[in-house]
Amino acid sequence: MKSTNGKSKLWFFENFNFLESMTKAEMMDLSECSVMKAVKRDESVYLPHDISSRIYFLKKGKVKIISYSDEGRELIHAILKEGEIFGELALTGEKLRDNFAIVTEDSLVCQIRVSEFERILKNNPLLNLEITKLIGFRLKKVRTRLERMWFKSAEERIKFLLIELAEDHGKETQNGIEIPFQLKHREIASLAATTRQTATTILNLLVKQNLIEYNRRRIVIKKSLAKTL
């Protein structure tokens with residue numbers, strides 16, 4: 001990773017909705033405690049067994065949180081876009097990382113020590129509440145995804161996944177809700193806990209049924225997809 005330059009540190013914290021309760025003085029405090037980095041595509045921000053000593057803010061780009069099965073299969077836990085934080089489990093007492101945070105396109109990342117961020121949270125109860133809600137929401141999503149893996153078919157899991165991605169990342173268009181970034185078949189398979197071959201078959205079927213549009217640059221989810229569940 002290399003340091004960025006030419007931008008005010010405060011610029012890095014624009015568009016993080018959960019920071020809206022912070023005063024300008026608190027934002028200045030946050031910026032003074034932080035370190036800004038440019039991270040190249042495919043570089044890691046942290047690895048399993050790294051000490052959980054920092055929280056990360058994603059200003060630009062995308063990050064995927066992954067682990068690997070005993071057979072070496074990639075398991076994607078989350079895909080994060082700009083305006084999100086990651087590594088937040090360090091605030092819950094996590095001592096060592098148990099997964100990988102990998103940048104999937106050239107990105108800008110801010111990092112702050114847990115001790116400094118905890119100090120800021122202590123002085124801002126509203127921000128503390130927002131972070132607590134965010135952590136709870138993410139843990140709930142993990143539980144929901146695990147339940148789907150056990151009780152839903154591969155086709156249902158992929159449909160739920162696409163709807164979830166549309167809700168988290170989507171933009172309204174005339175044709176439907178667009179997920180404006182590339183997702184490979186193997187990545188969709190990993191997120192939906194199925195094989196690449198099965199994911200390809202199901203995606204082709206959804207395209208044929210006019211429930212989605214899919215190409216190398218984007219996915220468009222038709223509103224009629226939700227009605228099939």
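**A note on helix α3, a small sheet and two pockets**

1. Let's start with Leu127, a residue of helix α3 (residues 125–151); helices here are DSSP runs (H or I, at least four residues), strands likewise (E, at least two), both numbered from the N terminus. This is a predicted model, where local features need pLDDT of at least 70, side-chain atom pairs count only at pLDDT 80 or more, and totals for chains, interfaces and linings use all residues. Residues are numbered from 1 along each chain as its sequence is written, and side-chain values use heavy atoms, with hydrogens and water left out.

2. Leu127 is buried, at 0% relative accessible area (buried means under 20%, exposed over 50%, partly exposed in between, with a 1.4 Å probe and protein chains only). Leaving aside residues up to four places away in sequence, Leu127 touches Phe18, Leu19, Ser21, Met22, Ile120 and Leu121 (contact means heavy atoms within 4.5 Å).

3. Next, look at the open sheet, whose 4 strands run in the order β8-β9-β11-β10 with antiparallel pairing (two strands pair if DSSP finds at least two bridges between them). Its edge strands, β8 (171–172) and β10 (212–214), each pair on one side only. Within the sheet, β9 (residues 177–179) and β11 (residues 219–221) share 3 bridges, and Glu178 stands opposite Val220.

4. Finally, the pocket linings are worth a look. Helix α3 supplies the largest share of the largest pocket's lining, 12 residues. In the second largest pocket, β7 gives the most, with 3 residues.
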